[in-house]
Amino acid sequence: MTRLVAGNWKMNGSLAANRKLLGELAVQSGVEVAVCVPFPYLAQLQERPAGLFLGAQDVSEFEVGAYTGEVSAAMLAEFGCRFVIVGHSERRALFGEDDLLVGRKARAAMARGIVPIVCVGETLAERDAGQAMLVIGRQLAAVLEVLGREAMAAVVLAYEPVWAIGSGRSATVSQVSVVHAGIRGWLREQRVRAEGVRILYGGSVKPENAAELFAVRDVDGGLIGGASLVGEDFMAICRAAADAV
Ligand code: PGA
């Protein structure tokens, strides 16, 4: 399975900063690379290095109409988005998105041919209570309920432990290994064709830890926040993904 490395710029960037960053990105063989940018910059990103995929960070569950402030999947498709992040923990925690809404957003994206990158992950309190896999199973179950088995097999999943995001403290190789295998196993139990589902890891991935994380079985790429804003670092992470066996 070709690994996918997706940059999540979050609410960062400016026309000038993006221009500089794009000048530092080059696509490499052996890995798919995407950048998920704020909505206004989708236009600027129409010109980008060949082979670099474009993505957004959110999408409306609705198709069209009186939904002030929302952006539809059809609009993202017009701008050539291949991917859209849904259910990022920041959206769940700060904007009240619940498990079923995440599922409906994924469904709206897929209806327009956009691959949702569905984020799941536990908080530190949930991990400490031994409930990481329980929480992730609940998050996944809601998405499966909305999408059904067939469509579920076509999403990209991202395991992002909330405590590892932006904290500089990545999950350990053994923690990642347990959860990624757990997610694949959960999909199998639900009779979803699990083998082709790419499961990304996200949370403080940097050039220094990328190789060891990508070497973990069942880690099929990464979702990269902070380090995706530094061209050199993002490229080093993409190289690590391409080189991992
Ligand atoms: P981080 O963010 O790489 O800055 O930890 C990852 C994410 O939130 O997707």
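Biologist: Which word fits Glu208, buried or exposed, and why?

Modeller: Exposed, because its relative accessible area is 63%. The cut-offs are under 20% for buried, over 50% for exposed and partly exposed in between, with a 1.4 Å probe and protein chains only. This is a predicted model, where local features need pLDDT of at least 70 and side-chain atom pairs pLDDT 80 or more, while totals for chains, interfaces and linings use all residues. Residues are numbered from 1 along each chain as its sequence is written, and side-chain values use heavy atoms, without hydrogens or water.

Biologist: Where does Glu208 sit?

Modeller: In helix α8, residues 207–214. Helices are DSSP runs of H or I with at least four residues, strands are runs of E with at least two, and both are numbered from the N terminus.

Biologist: What makes Glu97 buried or exposed?

Modeller: Glu97 is called buried because its relative accessible area is 7%, and the limit for that word is under 20%. Glu97 lies in the loop between α3 (89–94) and α4 (99–111).

Biologist: Which side chains make polar contacts with the side chain of Glu97?

Modeller: Those of Arg91, at 2.7 Å, and Lys105, also at 2.7 Å. A polar contact needs N or O atoms within 3.5 Å; within protein, one must be able to donate a hydrogen and the other to accept it, and residues adjacent in sequence count only through two side-chain atoms.

Biologist: What else is in contact with Glu97, leaving aside neighbours within four places in sequence?

Modeller: The list includes Asp58, Gly87 and Val102. Contact means heavy atoms within 4.5 Å.

Biologist: How do you know that the span of α9 is close to the expected one?

Modeller: Helix α9 (residues 231–243) has 13 residues and reaches 18 Å from its first C-alpha to its last, against 18 Å expected. The expected span is 1.5 Å times one less than the number of residues.

Biologist: Which residues of α9 are buried, and what covers them?

Modeller: Among the buried ones are Phe234, Ile237, Cys238 and Ala241. Their cover includes β1 (3–8), α1 (15–23), β2 (31–36), α8 and β8 (221–224). In an α-helix there are 3.6 residues a turn, so residues three or four places apart point the same way.

Biologist: Which residues are closest to the ligand?

Modeller: Lys10, His88, Glu160, Gly166 and Ser204, out of 13 that surround the ligand. A residue is near when one of its heavy atoms lies within 4 Å.

Biologist: How far is a polar side-chain atom of Lys10 from an oxygen atom of the ligand?

Modeller: 2.7 Å. For a polar backbone atom of Gly166, the distance to a ligand oxygen is 2.6 Å.
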